[in-house]
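Subject: Structure handover

Hello,

Here is the structure we spoke about, for you to look over. My notes on what turned up in it follow below.

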Amino acid sequence: MKKDKEILKKVTALKEELAAVSEAHLEACMNKANALLSSLYQQYDFTRTIVHMDMDAFYAAVEMRDNPSLANIPMAVGGEDMLSTSNYIARRYGVRAAMPGFIARKLCADLVIVPTDMAKYSAVSRVIRSVLSQYDPNMTPLSLDEAYMDFTDHLVKRRELDDQSRTFPEFSETMCRCEPEERLGVVSSTEGISSAVGDGVADVPNLNEDNLQNSVATDDTRILPSATNSDTEPSEARIMKDTTVSTDTSQCPRCNMPHNPKRILFDVGVEDAVREMRHRIHLKTRLTASAGIAANCLLAKICSDQNKPNGQYMLPFTVDAVQDFMKDLPVRKVPGVGKVSERQLAAFDVKVCSDFYKHRDVLYFLYSGGMFEYFLSVYLGLGANRLSKNEDGPKSKSVERTFRGMSDPDQLRTLCHELSLELAEDLKSAKNLQGKTVTLKIKLVTFEVKTRSQSLPTATNDGEDIYNVANQLLTTEMKNCSSKPLKLRLMGVRMSNFTTSDSKQQKLKVIRDTNSTPSDKRISFLDKIEAERKSEKVNQSCNEPLGLLAYMSTDKPIGTTSNISNAGRNVSTKLSSVWDESGDVTTRKTGKIIELLEGASNTDPWSLADSTSSSVATIPSDSTVKTATKYGPLDFYRSSKSGALDPWAKDDSSSLGGF
DNA sequence: TACATACAC
DNA sequence: TATGGTGTATGTA
């Protein structure tokens, strides 16, 4: 409603812009687009076979599995405030994920809402992943219930597998569904599996089939008809007619259920491989999955949605098939095109992917280069066909909480403190991550969202450090709109800009000192820094430009920008935070850290010009400069005898910040 | 770097 | 009866 208006406003603005543009300009846009198109066209690559698998209504399916009374009624998983997912019955009423519970109830009065149990879903997810890994050890999960796999290598190996390795028991609730684990010749670690069992998947008889003589009953094996087209049928439907039921009623020693004499043999082709994978997920979890098979991730992902639930779809590996498939695909199905983009694009008559082509001149004009290229590549059906290796840790960590309108500053501060401490704990348990950028997020009662961030010169994960920054940002915000009360419905704290083993990140270190600090203390602080560096196992050479951090005491607020001139060169700096003797961040309102990123000279005095006060300060020439040749940055501090010469004394004589 | 948006799950 | 939490990417300034 209100959102719609904003989108509309943006669209009309864009339309006006478009109307004002000359035809010649649009023609130029068309030419550019065509040029890009022909270069993109070169990029087709059908050498890999990518599979995207997606569990059907995952959370809801798990809950239905574990509580059969939920199986035939509309239900959803989540809270009254927000649903995570709904089962297919509830979907018929329009009940969807990301829908608040009270709206869902309006749509479906009988809706049963089951609370989320992430621990359980994680456990199930581990079991699923153990299956997926056997088809691609480098499988990359997108979430608990979704993953990409590159089947290329498996398909090669698969041709060498004997029938037995491609044979699995039929699914039956009341019979043994165990299978030998290593039959595909892929060593699978069973640790994850065994820990998952008992945890969250107690209902699955026994998933921990380490190996076993639970071999295949070959006489009763059904051969799948070789699949020629995309499969929409549930795998059970493929089981062949009636066969004599075996008289083998021996029990499985692991799950204590009778062996199922009925077996399914899966073929060596791609589609059977994927059907087999889905079947094995079903055997192990009693849950169904859908899958897409295509030449790249983009297509595979779109395809997995095609025959959902409990189906799969393969897009043939030819340019024609791909283009034909994309032609009529609604843009909304494209990953990355959400509600807003859909509306926006629709306003310019772009509804299906071929419209990306049809209106390429207009789109070229309207969108950024990156977005435009994405649109065209989507139109062509191009996408990554190597799975990214997920090797970098998280790029940010955050904690946020929604509550009922709150405006009391003390309460807000308390909350901010709690969030900061929580975040700190998260960071510590996440490989002791340390970050430099703290972001405060607030959502007003009006649903307006604001983020305010501030970067520190050094990384931290200390709760109080984080709070100091977050609270500073919060205070600024509260002051900033003091006319109104600043009523919030959400507050969040995020840390980003994590320190990596990159030399870049370790370029700068802080040296600080006060004149009240005896020199031994100063030295111990230097030692501390030194020790820190050693512990970070740095062995970078000194190719970086010399850097320096100086400390100055002031009452300027954080965020004040200053210009420092170093040998005639201006370097813009920003007041960011204050350290005490131990190097810990303590105060936020007084003090100043100045970073000089380049051009440090270790002999000349530095002159400092504060842009806000126009005052000029000069570092006395008796300053002592230390060079840390091994690590790159220049360490700089002044000898103890600063005295009256200290140019910064005028800023705050009480805590005279000497070097 | 700071901020707003959009998006996915 | 009143709309979540976590994380990523991108555009823009």
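Which side chain has an N or O atom 2.5 Å from a phosphate oxygen of DNA strand B? That side chain belongs to Ser-455. Please keep in mind throughout that this is a predicted model.

The DNA contact

The protein has 22 residues around DNA strand B, and those that come nearest are Lys-301, Ser-341, Ser-453, Ser-455 and Asn-497. Sugar or phosphate accounts for 100% of the atoms of DNA strand B within 4 Å of the protein. Besides the Ser-455 contact, a polar backbone atom of Thr-451 is 2.5 Å from a phosphate oxygen. The side chain of Arg-452 also takes part, with an N or O atom 3.0 Å from a phosphate oxygen of the strand. Two elements give two or more residues to this surface: helix H12 (339-346) and strand S14 (449-460). S14 gives the most, with six residues. Sorted by class, the surface near DNA strand B has ten polar, eight charged and four nonpolar residues.

The strands around S14

S14 pairs with S13 in the antiparallel sense, over eight bridges. In this pairing, Thr-451 of S14 stands opposite Lys-441. Thr-451 is also the residue whose backbone contacts a phosphate oxygen of the DNA. Four residues lie between the two strands of the hairpin, where Phe-447 takes a positive phi near 75°. S13 pairs with strand S15 (residues 488-498) as well, again in the antiparallel sense, over nine bridges. There, Leu-440 stands opposite Val-493 in S15. Strand S13 itself (residues 435-444) is largely enclosed by the rest of the structure, because nine of its ten residues are buried.

Helix H17

Helix H17 covers residues 463-480. At 1.5 Å a residue its 18 residues should span 26 Å, and the end C-alpha atoms are 25 Å apart, which agrees. At the N-terminal end, Asp-462 acts as a cap, with a side-chain oxygen 2.9 Å from the backbone nitrogen of Glu-464. Of the 18 residues in H17, 14 are buried, so the helix is largely enclosed by the rest of the structure.

How is H17 linked to S14? The side chains of Glu-477 and Arg-452 meet in a salt bridge, at 2.8 Å from N to O. Glu-477 lies in H17 and Arg-452 in S14, so the pair ties together parts that are 25 residues apart in sequence. Glu-477 counts as buried at 4% relative accessibility, whereas Arg-452 counts as partly exposed at 32%. Arg-452 is thus a residue with both this salt bridge and a phosphate contact to DNA strand B.

Other salt bridges

The structure holds 22 salt bridges. One of them joins Lys-308 and Asp-56, whose closest N and O atoms are 2.8 Å apart. The pair links distant parts of the chain, 252 residues apart: Lys-308 is in the loop between helix H10 and strand S11, and Asp-56 is in the loop between strand S1 and helix H3. Lys-308 is partly exposed, with a relative accessible area of 23%, while Asp-56 is buried, at 4%.

Arg-158 and Glu-276 form another salt bridge, with the closest N and O atoms 2.8 Å apart. Arg-158 lies in helix H7 and Glu-276 in helix H9, so this pair ties together parts that are 118 residues apart in sequence. Arg-158 is buried at 0% relative accessibility, and Glu-276 is buried at 0% too. Finally, Glu-63, Arg-65, Asp-66 and Lys-120 are linked in a network of salt bridges.

Regards

Conventions: Residues numbered from 1 in each chain as written. Chains lettered and ligands numbered in written order. Predicted model: local features only at pLDDT ≥ 70, side-chain atom pairs only at ≥ 80, totals over all residues. Heavy atoms only, no water. Near = heavy atom within 4 Å. Polar contact = N/O pair within 3.5 Å; in protein donor to acceptor, adjacent residues only side chain to side chain. Nonpolar A, V, L, I, M, F, W, Y, C, P; charged D, E, K, R; others polar. Buried < 20%, exposed > 50% of the residue type's maximum accessible area, 1.4 Å probe, protein only. Pairing = 2+ DSSP bridges. Expected span 1.5 Å × (residues − 1). Salt bridge = Lys/Arg side-chain N within 4 Å of Asp/Glu carboxyl O.
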